[in-house]
Amino acid sequence: ISEGLLVYDCIGGGQSNVLAGDVAVSVSSGFRIENGKVTGRVKDTMIAGNVYEMFKNVAAVGNTVRDLGSYYVPFLMFAGLKVATRD
């Protein structure tokens with residue numbers, strides 16, 4: 001990954017339009033990636049988009065899963081998500 005964001009945890013579900021699939025979630029634990037390396041932690045960051053479009057752009061699926069309590073999910077790599085942050 002030449003430039004990206006590793007999101008480890010988000011605050012809330014953040015769905016703004018459930019039927020259309022539009023979402024906006026605040027990143028509570030995330031890290032900036034530059035030239036394939038984690039270069040630091042991010043704060044005041046939000047991811048926005050449409051879940052249907054996001055899942056059309058899955059670039060990779062991890063081979064380990066994370067326990068979120070009621071279900072297990074793998075790490076996913078999405079191409080081209082909208083990320084907003086405050087400078």
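This passage walks through the strands, salt bridges, turns and surface of the structure.

The model is a predicted one, and its confidence values come first. Mean pLDDT for the protein is 87, with 95% of the residues at 70 or more. Broken down by element, strand S4 comes out with the highest mean pLDDT, at 95, while strand S2 (residues 15-17) has the lowest, at 72.

Strand pairing gives the framework for the rest. Strand S3 (residues 22-34) turns up in several of the pairings. With S1, S3 runs antiparallel, and 8 bridges join the two; within this pairing, Ile 11 sits opposite Ser 26 of S3. S3 also pairs with S5, again in the antiparallel sense, over 6 bridges, and here Ala 24 has Ala 48 of S5 as its bridge partner. Then there is S4 (residues 37-42), which is antiparallel to S3 and joined to it by 5 bridges. Gly 30 stands opposite Val 42 of S4 in that pairing. Further along the chain, S6 (residues 58-67) and S7 (residues 72-78) are antiparallel too, with 6 bridges between them, and Ala 60 faces Met 77 of S7 across the pair.

Two of these pairings are hairpins, and each has a residue with positive phi in its turn. S3 and S4 leave 2 residues between them, with Asn 35 in the turn at a phi of about 50°. In the S6–S7 hairpin there are 4 residues between the strands, and the one to look at is Gly 69, whose phi is about 100°. Asn 35 deserves a second glance, since its positive phi occurs in a residue other than glycine. Most residues other than glycine have a negative phi. Asn 35 lies in the loop between S3 and S4 and counts as exposed because its relative accessible area is 66%, with the cut-off for exposed being over 50%. Asp 44 does something similar: its phi, too, is near 50°, and it is not a glycine. This residue belongs to the loop between S4 and S5 (45-50), and with a relative accessibility of 41% Asp 44 is partly exposed.

Salt bridges come next. The structure as a whole has 3 of them. One pairs Arg 32 with Glu 3, with 3.3 Å between the closest N and O atoms. Arg 32 is in S3 and Glu 3 is in S1, so this salt bridge ties together parts of the chain 29 residues apart in sequence. Arg 32 is partly exposed at 36% relative accessibility, whereas Glu 3, at 60%, is exposed. Arg 32 also meets Glu 34 in a salt bridge, at 3.2 Å from N to O; Glu 34 is partly exposed, its relative accessible area being 32%. Away from the strands, Lys 56 and Glu 53 form a salt bridge with an N to O distance of 3.3 Å. Both residues lie in helix H1 (residues 51-56) and are 3 residues apart, or about one turn of the helix. Lys 56 is exposed at 61%, and Glu 53 is partly exposed at 41%. As for shared partners, salt bridges link Glu 3, Arg 32 and Glu 34 into one network.

Back in S1 (residues 3-11), Gly 4 is worth a stop. Beyond its neighbours within four places in sequence, Gly 4 is in contact with Phe 31, Arg 32 and Ile 33. So Gly 4 touches Arg 32, which is also the salt-bridge partner of Glu 3, and S1 and S3 are joined by bridges as well. Gly 4 is partly exposed, with 22% relative accessible area; the cut-off for buried is under 20%, so Gly 4 does not count as buried. The C-alpha atoms of Gly 4 and Val 38 are 9.1 Å apart, with 34 residues separating the two along the chain.

Val 38 leads on to the surface. This residue is in S4 and is exposed, at 51% relative accessibility; the cut-off is over 50%. Val 38 is also part of a nonpolar surface patch together with Leu 6, Tyr 8 and Phe 75, and the accessible area of the four adds up to about 340 Å².

How values were computed. Residues are numbered from 1 along each chain as its sequence is written. This is a predicted model: local features need pLDDT of at least 70, side-chain atom pairs count only at pLDDT 80 or more; totals for chains, interfaces and linings use all residues. Side-chain values use heavy atoms; hydrogens and water are left out. Buried means under 20% relative accessible area, exposed over 50%, partly exposed in between (1.4 Å probe, protein chains only). Contact means heavy atoms within 4.5 Å. Patches are made of residues with over 30% relative accessible area and no salt bridge: like charges are joined within 9 Å, nonpolar side chains (Val, Leu, Ile, Met, Phe, Trp, Tyr) within 5 Å. Accessible areas come from the Shrake-Rupley method with a 1.4 Å probe; for residues, only the protein chains shown count as cover. A salt bridge is a side-chain nitrogen of Lys or Arg within 4 Å of a carboxyl oxygen of Asp or Glu. pLDDT is the predictor's confidence in each residue, from 0 to 100.
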